[in-house]
Every structure is written in structure tokens, then in C-alpha cells.
Amino acid sequence: MKTYILRRVAQSALTLLGVSVLVFVILRVLPGDPARMLLPDGAPESAVAELNRQLGLREPVIVQYGLFLRSVAHGDFGQSFQYRAPALRVVLERLPATVQLTVAAMLVTIAAGVSLGIFTAVRRGTRYDVAGTILAVLGQSLPNFWLGIMLILLFGVALRWLPTSGFAGWTSLVLPAVTLAAFPTALVARLTRSSMLEILNRDFIRTGRAKGLAERSVVLRHALRNAAIPVLTVIGLQIGALLGGAVITESVFAWPGMGKLIVDAIFFRDFPVVQTVLILSATVFVGINLLVDLLYTIIDPRIRYS
Amino acid sequence: MREQHPRPDHIGRRDFLAVSGAALALAGAPSLAAGQAKRSGEIAAGLSERMLTLDPANHYSISTTSVLRHLFDPLIDVTNDSKFVPALAETWRPVNNTTWRFTLRKGVTFHDGTPFNADSVVFTLRRVQSNSKLIKSFVYQDIESVEKDGDYGVIVTSKRPFGSLPAHLTMLGMLPPGAGKNEEAFFQKPIGTGPFRFASWTHGDQIAMTANPTYWKPGIPKVEKVTFRFIPELSTRTAALRAGELQVIDRVTPDLVETLKGTRGVKVLDVPAIEAQRWIFQLGREPVKDPRLRQAISLAIDRGVIIKELLRGYGRPVDSPVPPGLIGHMSLPPKVYDPEKARQILKQAGYSNVSVDIVLMKDFYPKQLEITQAVAAMLGDVGIKLNIKNLEIASAREQRTAGTYDLFFSGWAHMPHDPDWYFGQWFTKAGSEKLTRYTNPKVEQLIAEGRVPDPKVRQAKYEELERIVWDEDAEIWLYYTVAIYGVSDRLRNFEARRDYYVLLSDVSIV
Amino acid sequence: MAAREDAGTRRRWGRRHPTMTIGGVLLGLVVVASLFAPAITSYDPIKPSFSQRLSPPWGLGGTRAHVLGTDNLGRDILARLLYGGRVSLALAVAAVAIAGVVGVVVGLAASWGGGKADAVIMRVADVQLAFPVIMLAIAIVAVVGTSPITLVGVLALSGWVLYARTIRAHVLTIRGLDYIDAAAMLGASDIRIILRHVLPNTVAPILVIGSSQFATMVLLESGLSFLGLGIQAPLPSWGSMLAEGRDYLSNAWWLATAPGLMIALVVLGANLLGDGLRDLLDPTLRNVEG
């Protein structure tokens with residue numbers, strides 16, 4: 001068991017290193033250059049060249065990467081090209097908002113998604129199942145921004161129950177979290193449903209039923225535990241999606257999170273910020289998936305890696 | 001059931017009543033000095049462009065200039081009809097073609113109490129000229145020396161004539177000399193001489209400022225607190241205004257005007273802006289190198305329909321590359337819509353089934369994609385196929401630099417209310433070599449001659465060069481934009497500005 | 001007599017598999033409508049008509065001439081939906097197919113091969129997953145340029161990992177089961193085991209994932225269109241229609257709602273079809289109904 005854990009940790013570290021190299025190289029391969037994004041259209045070429053030099057972009061890529069690794073070891077992720085402030089500080093400023101939104105959306109996803117999945121699985125074939133499936137489909141297929149703006153217009157403008165946008169107090173978290181959770185909730189619901197249906201017919205469940213165990217106990221204890229695997233898979237993947245893919249929700253709600261930060265940074269070729277966000281979120285992502293993998297082994301002892 | 005979260009107007013009204021009540025109660029007691037501010041209330045504004053920095057010398061964004069104007073004062077201000085008026089400088093005079101002399105206002109202090117004087121100006125100007133890492137640095141490269149002339153005078157000499165220097169200085173806030181000691185720390189809590197003091201800001205999200213009680217202009221500011229929130233998403237920005245969370249928003253599109261007008265408590269203010277929307281050509285490349293093709297393209301575009309239908313009238317026909325009110329504006333023969341003539345020209349020049357690429361910077365200008373598609377249909381009618389390439393900004397600019405485009409959707413807000421920068425960038429060989437590849441020695445000479453401080457000379461030179469570029473269809477000038485603002489009925493004295501600035505120091509709220 | 005019996009059997013089949021039938025019918029309708037767009041509508045989806053801008057749908061203030069209203073350039077929305085459907089459906093189908101094939105193959109290879117192959121493949125997947133799809137898309141499109149093929153590639157790239165990981169998890173579960181070991185001991189080759197025992201058991205999750213992914217692909221296409229990386233104007237696609245309708249949600253909501261609902265319909269159909277197929281193919285589940 002211990003060797004397994006160590007091995008997984010080493011793998012994770014390798015993954016992170018791979019991510020850092022890939023980010024670094026991709027950014028410098030992209031067309032367009034940072035100085036030209038920062039300077040207005042009316043700036044002369046000499047100013048562009050000079051600014052690029054000032055930003056350290058004239059060195060060979062290997063040199064830049066070496067310098068980068070060395071400063072990261074000291075906790076310095078460089079200066080944001082856009083904001084001219086330490087990239088780490090710019091990113092961390094966005095952390096509270098991001099964490100709040102991600103956690104809230106995750107909670108909604110797990111609570112609503114798993115419940116809906118169980119509900120439709122248990123009531124399979126009835127009109128409740130159909131209604132639940134349609135709800136899930138809508139959640140999966142309505143565009144994020146459409147849902148977000150409609151919610152803003154309804155709850156913010158027409159009813160004035162909730163703030164229309166911004167990061168101020170828990171009321172402003174409600175609409176963005178619901179909007180962001182819509183898609184993963186639907187996905188989790190559907191996957192929970194199909195996993196549950198599969199499990200509900202396995203032999204050992206029938207045995208349990210035959211033995212006279214209460215239906216509820218059968219469902220909750222045995223079925224859920226076994227259906228957890230694919231659901232955990234999806235949840236693990238969704239966290240990555242939530243972190244990096246909350247862009248549209250953050251744009252719509254003017255939510256100062258990392259999703260919008262990174263997309264803006266990509267468009268503006270703000271290399272330090274992109275590098276910082278990706279490495280940080282990759283760390284979180286890899287960490288969570290490490291956890292999920294370890295949970296696999298606890299839940300299903302049959303899974304072992306040869 | 002309506003208001004479940006605290007709304008600023010309740011606070012404002014209470015304060016206002018309290019102050020008025022107190023004033024009435026004190027009737028007979030020595031009254032407040034005439035014009036002394038009875039400051040009250042808070043204003044929240046929503047801007048479409050993110051603010052990236054608090055350093056006046058390190059950006060070239062209209063929106064950021066507008067916000068920083070509240071923290072810092074420049075030497076010179078510009079009014080809405082493009083007149084230059086004193087701010088921290090009381091007078092400015094060209095001593096000769098390459099020397100400007102400024103006299104400064106006395107009795108002004110920075111937010112920390114230190115006095116404003118020539119040291120500040122010298123520091124600010126020298127810094128922006130010498131530190132090439134600053135984004136605004138390139139504008140001031142022509143400056144040769146900045147010297148004190150007593151404690152309240154400054155002499156600036158330049159390598160070549162710099163007639164537009166005062167205009168540029170309207171966008172540069174004055175910094176205290178102490179900022180140089182630790183710039184990074186300074187710009188986390190900046191200090192200026194402006195009507196508001198810095199309170200807080202989150203990068204790219206919002207900035208809050210509180211009133212400066214010792215501001216040198218009497219009666220200013222009129223509110224206690226001002227917050228600027230940056231909300232690029234149009235629907236969200238308008239929703240916040242309609243819900244009463246914001247009192248003013250900028251960059252409203254023509255299609256939303258009716259919706260806003262129909263919202264209670266909200267009105268719409270608009271004013272023709274000093275911005276021209278234009279398409280530029282890659283003049284070094286076939287086929288748009290050919291002036292006849294350019295002329296045909298211009299004739300095939302029905303600018304009137306664009307203004308009337310797509311912009312719902314919120315646009316003005318272009319009669320000069322320089323918008324009205326600015327030096328250099330003139331009345332040139334308008335570009336007509338004549339598709340028949342366009343077809344004739346194409347036929348005579350031997351063009352059949354010609355195809356050109358237009359590059360757009362994604363989401364850069366409002367309704368740009370819509371207008372481009374409309375024009376594509378118009379060009380299709382005369383036999384020109386327009387391929388639309390809507391690229392992310394960095395890629396689009398890369399293509400422009402590399403010259404792999406025929407047309408490029410561009411615009412120019414003539415900041416700072418002066419066309420010298422525009423001409424210098426787009427119509428000189430050096431300026432346009434990585435842009436339009438325009439070269440015309442005669443035009444270049446006129447631009448150089450137009451740099452002198454004498455406005456009459458400048459007007460004459462600009463008129464002459466404009467006739468040339470207008471005739472050769474060097475660019476397609478589509479329309480002048482109209483700046484549209486959504487404003488709460490609770491604001492008093494808000495001015496819809498032609499340069500897209502949102503200025504709140506003399507605005508009050510009820 | 002035989003004919004009547006056959007017809008009866010067919011009807012009962014349809015009634016016994018309502019989900020699949022409804023799903024199939026929905027999808028089929030949309031596909032057919034898109035294919036036969038020129039027969040259904042006479043409007044040109046590309047040519048602007050300035051005087052007709054932003055007409056509401058029929059019944060909500062508009063005229064019968066434009067049943068679903070017109071967009072910001074006066075173009076008929078129904079026409080754009082149908083012609084755009086061709087593009088969006090084709091892209092999504094191609095992307096799901098490619099992602100599925102790649103994902104299943106890679107997942108099988110990783111879990112069956114085990115050891116080094118597994119480790120490397122999963123590392124690559126991890127590294128790719130750590131990148132937001134949008135960044136990968138921007139990078140790829142920036143270097144290669146926008147084209148439908150690039151778009152399909154990017155979409156497929158975003159989707160293969162889910163297949164791979166789920167297949168892998170399933171395979172690792174199944175692999176420990178007795179009957180697999182028994183088959184191996186009896187001398188069955190790896191490939192045979194995979195094809196006869198492993199693969200059929202993974203069909204169910206593949207179908208469910210596939211039907212979910214279809215929706216994801218269509219929506220991802222819309223996300224890429226926002227960023228200017230999708231189908232270039234003036235060609236319609238559901239994604240670009242959504243993008244163009246974004247700024248009009250407050251005053252002309254039908255621009256974005258029409259493609260949004262269309263996507264929802266297609267997704268509903270795909271999901272029902274997927275569910276129905278799974279029910280049909282997985283024998284262990286058939287008894288639940290009876």
C-alpha cells in the first residue's frame with residue numbers, strides 16, 4: 001500500500017513538471033506577442049521591441065525556463081505583464097472568489113446531482129423518471145451564459161431578490177453557483193442513474209433483497225457504494241472543469257475568479273499569470289485526483305495496479 | 001418584498017436630509033463658505049474595460065485614464081468640446097517651436113499633505129520619458145529636458161517640435177516625487193492631488209475612492225465615495241444599472257437604448273464621440289494596393305444604411321479623417337454609395353471575382369461583426385467576395401504586423417483630442433511599416449510641419465494632407481461613433497463625454 | 001395473416017422501448033429537417049435584410065413570415081437554425097466518434113497493457129486534463145488556424161479522456177472477475193477476451209457517455225465560437241448563433257433562445273436514444289421491466 005501511495009505521488013509530481021514545461025513552451029510558440037498586446041496600436045515598433053526585451057522575452061526559451069524554475073523555487077512566479085504586480089499576488093487575490101464559487105457549485109452538484117440520479121433510478125420508467133431526465137437534459141444543454149443572464153434578469157432586475165453581479169456577500173454567490181452547477185449536476189445525475197441501475201441488478205443486490213433487507217438499506221448502502229466509482233471519476237474531472245471552465249459564468253456575473261483571469265491572460269499573452277494559474281490549478285487538480293484514486297482503492301479493493 | 005439588500009440610495013437620502021436638516025437648524029449661525037461642498041452619497045459606475053494599473057504612466061486605456069483622473073490631477077484638462085483648460089498648470093506657452101513653459105497652481109497638496117510644486121512635474125515627466133518599461137514612455141521620447149523654473153514653473157524642451165504636448169499631458173496624472181523611492185509599494189496605495197483618495201482596489205474588478213476634503217477646487221467633489229466596477233459583459237452591466245446597483249454605465253450599444261429608456265429610474269445620454277470607425281488596407285499587398293479597387297470598395301458600401309439600420313442612427317457620417325471639434329477637422333466631399341459606379345470601375349480595371357480577406361479582433365469594437373457581415377453582403381453585390389476572419393486579438397495583430405491581411409477592422413479614438421498621433425502613426429513610413437505600409441513623402445512632410453505649436457499652421461498642413469489621403473482612399477472611413485451612456489435619474493450634473501471618459505468629481509446624487 | 005402479425009410485433013416493439021423510440025424520432029426529425037433545409041425554408045440564411053432586424057417570433061409580436069423571428073441582421077432565424085444544424089450536427093457527430101474511438105482504444109490499451117504503458121498514458125491524460133480546454137483550443141487554433149477540421153480535432157481532444165478513464169476503471173473492475181481469469185486459463189487470447197467479455201460490458205457506459213458528450217460537443221462548439229475559434233461568420237452554426245445572440249438577451253432574447261432550445265432538443269433525443277440503446281443491449285437490465 002505504501003509503495004502504491006509513493007508511486008502515485010511521484011507520478012503526480014511528474015505530471016506537474018510536465019504541465020509546467022508544456023505551458024511554458026506553448027505560450028512562447030503562440031503567435032502574437034505580449035508587448036504588442038500591452039502597447040496601444042499607435043506605438044512604434046521600437047517601443048514594442050524594447051518592451052519585449054524588458055519583459056525578458058528575448059532570451060532563448062531554455063534560458064527563460066531555467067530562470068523561471070529558479071524563481072519559482074523562491075516562490076516568485078514573475079511579474080504579471082498586464083498588472084505589473086507579482087503574478088502570484090494577482091492570482092491569489094482571486095482565490096477566495098474562485099474557491100467560494102467552486103465549493104458552492106460542487107456542493108450543489110453533489111447534492112442535487114446525486115439525489116436526482118438516485119431518484120430517477122429508483123423510479124425508473126415512471127413519469128418522474130422522464131421529468132427528471134428532461135430536467136437533467138436541460139441542465140446539460142442550456143448554455144451557461146443564457147442561463148446566467150436569464151437568472152440575472154429574473155432575480156436581479158425584475159424581482160430584485162438577489163444582486164445582479166459582483167462578489168459581495170453570500171447572496172451574490174447564489175446565482176453564479178447555480179449557473180455553474182447546472183451542467184455538472186446534470187452529468188452527475190445521469191451517471192449516478194445509470195450506475196445505480198446497473199448495480200441494482202447485480203446478483204448481490206438481489207441476494208440482499210431476497211434476504212429481506214429493507215429496500216432503502218439496499219439502495220443506500222450497497223448500491224450507492226458501488227455506483228460511486230464512475231461518479232467519483234466524473235466529479236474529479238468536473239473539478240478541473242469547474243476551475244478552468246468557469247470562465248463564462250465568471251464573465252456573465254463579473255465574478256473575480258481565476259477562470260476569467262486566465263482566459264484574459266491568455267488573450268493578452270500575460271505569460272506569468274497564465275503560468276501561475278495553470279501550475280497552481282494543476283497542483284490542485286492533480287492533488288484531488290490523487291485523493292480520488294486513493295479513495296478507489298478503499299471503496300473497491302479489487303482495483304489494484306499491477 | 002422589493003429591497004432585501006441594502007441599497008445605496010437609502011444611505012444617500014438619509015445623509016442628505018441629515019445635512020440639510022442640520023443646515024436649517026443652524027440658520028443664522030455663520031453659514032458655510034459659498035460653494036463649500038455639502039458632500040453626500042456614493043456613486044457606483046460600471047465600466048466596460050478592465051483597469052489594469054494605478055500608474056498613470058503605465059497604460060494607454062481611455063477607461064483607465066478616466067478612473068485615474070479621480071485620484072490624480074494632470075497639468076491640463078480638456079473639456080467636452082475639446083478646449084484645453086488649466087488644471088495643475090495655470091498657463092502654458094510655447095517659447096519657441098521646441099520649448100514649452102508651464103506655470104503651476106499654488107496651494108495644492110497631495111493626499112498625504114505634501115505640497116505640489118515643480119519637483120512633482122519634473123519627477124513625473126522625467127520618469128515617463130526615461131523608463132522604457134512604462135507603456136506611455138514612447139509618447140514622450142521626443143522630450144529632451146525637463147527643468148524647474150523656480151518652484152512653480154517648468155520648462156520642457158523637445159528634440160523636434162512637439163505641438164501636441166499639452167494635449168498628451170491631459171492624460172498624465174502628476175505624481176509626488178516620493179513615489180520614486182519604492183514604486184511598487186506606492187502604486188498599491190497611490191497618492192495624488194485628485195478630488196478623491198484611494199480606498200481599495202482588486203485587480204481588474206473594482207476600485208473604491210473616498211472624497212478628498214482638501215481638494216483645491218471649491219465644492220468638489222460632491223459625493224463621499226465613488227466606486228468603479230469593471231464589467232465587460234454588456235448584459236450584466238445594463239442589468240446592474242436597471243437593478244439600481246450602478247448609477248452610470250458606459251459603452252451602451254444602440255440596440256439597448258430602448259430597453260434602458262423603458263426602465264424606470266434610468267435615462268440614456270448620448271453624444272457624438274471623437275472616434276472614427278475605419279477599415280485599414282494592407283497597402284503593400286495586391287490587390288488592395290490598387291487605388292481603383294479601394295475606390296470601388298468604398299463606393300460599394302452604403303454607410304447610410306449602416307448608420308440608420310444597424311446603429312439605429314447612433315452614428316455620424318464621416319467628412320474628414322479627424323472628427324469634428326478637433327484641430328484638423330474639415331469638410332471633405334462625402335464618400336457616396338454608388339454600386340453601379342463600383343461595378344464599372346472593377347470592370348475597367350479588369351477585376352472579376354476578386355476576393356479579399358478582412359481581419360477582425362474578436363469583440364474589440366461593438367457590433368463589428370454585424371457591420372462586417374452587412375458590408376460583405378454589399379460588396380458581394382458588386383462582385384467582391386469578402387472573407388471574414390474573426391480572430392483573437394493577439395493573432396489578429398500578429399497578422400497585421402506580418403502583413404498577411406487585405407483589410408483590417410480598426411478604429412481610432414482621437415486621444416488626446418489631437419490628431420498628431422493618428423497621422424504620425426498611420427501615415428508616416430516609420431509609423432505604418434508594420435501596420436498599413438503607407439508611404440507618401442509629401443504627406444510625411446506635411447505631418448512633420450504640422451507638429452509646430454501654432455494652431456493655424458497645423459490646421460493648414462492637416463487640411464492639405466487630408467485632401468491627399470481622402471482622394472486616394474487610403475482607408476475606408478465608415479462612421480463617427482456616438483458615445484451612449486446609461487445614467488440613473490438620481491445623478492445630477494453628469495456630462496456625457498465625447499471621449500468616453502466617465503468623470504464624477506462634479507456629479508452629485510440624490 | 002403473417003403480415004398482420006409482423007405489423008403487430010413492430011408496434012409492440014416500439015411501445016416496449018419508448019425511450020429509445022422517442023429519442024430516435026426527435027433526433028431523426030432534427031437531422032432530416034437540417035438536411036432538407038432548402039425544402040423547408042426559402043430564406044437565405046446569410047443574406048442580411050436590414051429593414052427586418054430583430055423581429056420577434058410569430059405570436060410574440062412578429063409576423064407569420066418569420067416564424068421564429070429575425071436576428072440582428074434581419075436574417076430568418078428558422079433558416080439559420082436549419083442550415084446551422086447541418087454544421088453543428090456534423091461537427092458534433094464527428095467529434096464524438098473520434099473522441100470515442102480514440103478514448104476507448106487508449107483506455108483499453110492502458111488498462112489491459114498495464115504497467116508502463118498504463119502509467120505513461122495516464123500521465124499524458126493527466127497533463128492534458130490539467131489544461132483548460134479553452135487554452136488548448138486557443139493554442140491549437142492560433143497556430144493552425146480556424147477550419148472545421150481543426151474544430152473537430154479540438155472538440156475530440158476535449159472528450160477522449162472521459163472515455164479512456166471510465167473504460168479503464170471498468171476494465172480494472174472486470175479484470176478481477178472469475179470468469180475472465182477462467183477464460184484466460186482456458187487459453188483464450190487477450191484480444192479475444194477483450195472483444196468477447198470486456199468490450200460488451202463497456203458498451204453501456206460508452207453509450208451513456210457518448211450521448212452526454214454529444215451535448216458537450218455542441219456546447220463546446222458554442223464556447224469556441226465565443227472566442228472566435230469556431231465557425232466563421234456569416235456561416236451559421238448553433239454555436240455562432242448563440243454567440244451573436246449574447247448581447248441581445250435583454251431586448252431580443254429569441255436570438256439565443258432558439259439555438260439553445262434546439263440544442264436542448266437534440267441533447268434530449270440523444271440521451272433518450274442512448275438510454276434506450278443501453279436498455280436494449282444490456283441483458284441484465286431487461287428483466288427489470290418485466
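Let's start with chain B, which has 16 helices and 19 strands. Please keep in mind throughout that this is a predicted model. How compact is chain B for its 510 residues? Its radius of gyration is 25 Å, and the globule rule gives 24 Å for that length, so chain B is as compact as a globular protein of 510 residues. If you like to think in boxes, the C-alpha atoms of chain B fill one of roughly 85 × 65 × 40 Å along the principal axes.

What share of chain B is buried? The figure is 51% of the 510 residues. There is also a number for how the chain folds back on itself. Take the contacts in chain B with a separation of 6 or more: 72% of them involve residues 24 or more positions apart.

Now let's zoom in on one strand of chain B. This is β1(B), covering residues 42-47. Is this strand enclosed or open? Of its 6 residues, 5 are buried, so β1(B) is largely enclosed by the rest of the structure. Recall that a residue is called buried here when 20 or more other C-beta atoms lie within 10 Å of its own.

Which strands does β1(B) pair with? One partner is β10(B), residues 225-230, which runs parallel to β1(B) and is joined to it by 6 bridges. To find that pairing on the screen, look for B:Gly46, which stands opposite B:Arg229 in β10(B). Another partner is β11(B), residues 248-249, also parallel, with 2 bridges to β1(B). Here the pair to look for is B:Ala45 and its bridge partner in β11(B), B:Val248.

On to chain C, where the picture is made of helices. Chain C has 12 helices and 0 strands, so to speak a run of α after α from the N terminus on. Of its 290 residues, 53% are buried. Among the contacts in chain C with a separation of 6 or more, residues 24 or more positions apart account for 70%.

Chain C also touches its neighbours, so let's take those contacts in turn. How many residues does each chain bring to the contact between chains C and A? Chain C brings 47 residues and chain A brings 50. On the chain C side, the helices that each supply at least two residues are α5, α6, α7, α9, α11 and α12. Which of them gives the most? That is α9(C), with 8 residues. Sorted by class, this side of chain C holds 30 nonpolar, 12 polar and 5 charged residues.

Then there is the contact with chain B. Here 19 residues of chain C meet 23 residues of chain B. The chain C side of this contact divides into 10 nonpolar, 6 polar and 3 charged residues.

Let me finish with a small helix story in chain A. Helix α3(A) spans residues 45-54, and its buried residues are A:Ala47, A:Val48 and A:Leu51. Where do these sit around the helix? Looking down the axis of α3(A), the buried residues fall within an arc of 100 degrees, so they line one face of the helix. There is a general reason behind such patterns: an α-helix has 3.6 residues a turn, so residues three or four places apart point the same way. What covers the buried residues of α3(A)? The cover includes α2(A), residues 34-38. And if you follow the chain past α3(A), you come to A:Gly56, whose phi is positive, near 80 degrees.

How values were computed:
Residues are numbered from 1 along each chain as its sequence is written. Chains are lettered from A and ligands numbered from 1 in the order in which they are written. This is a predicted model: local features need pLDDT of at least 70, side-chain atom pairs count only at pLDDT 80 or more; totals for chains, interfaces and linings use all residues. Two residues are in contact if their C-beta atoms, placed from the backbone, lie within 7 Å. Helices (H or I, at least four residues) and strands (E, at least two) are DSSP runs, numbered from the N terminus. Ala, Val, Leu, Ile, Met, Phe, Trp, Tyr, Cys and Pro count as nonpolar, Asp, Glu, Lys and Arg as charged, and the others, Gly among them, as polar. A residue is buried if 20 or more other C-beta atoms lie within 10 Å of its own, exposed if 12 or fewer, and partly exposed in between; C-beta atoms are placed from the backbone. Two strands pair if DSSP finds at least two bridges between them. The radius of gyration is taken over C-alpha atoms; the globule rule is 2.2 Å times the number of residues to the power 0.38. The arc is that of the directions from the helix axis to the C-beta atoms.
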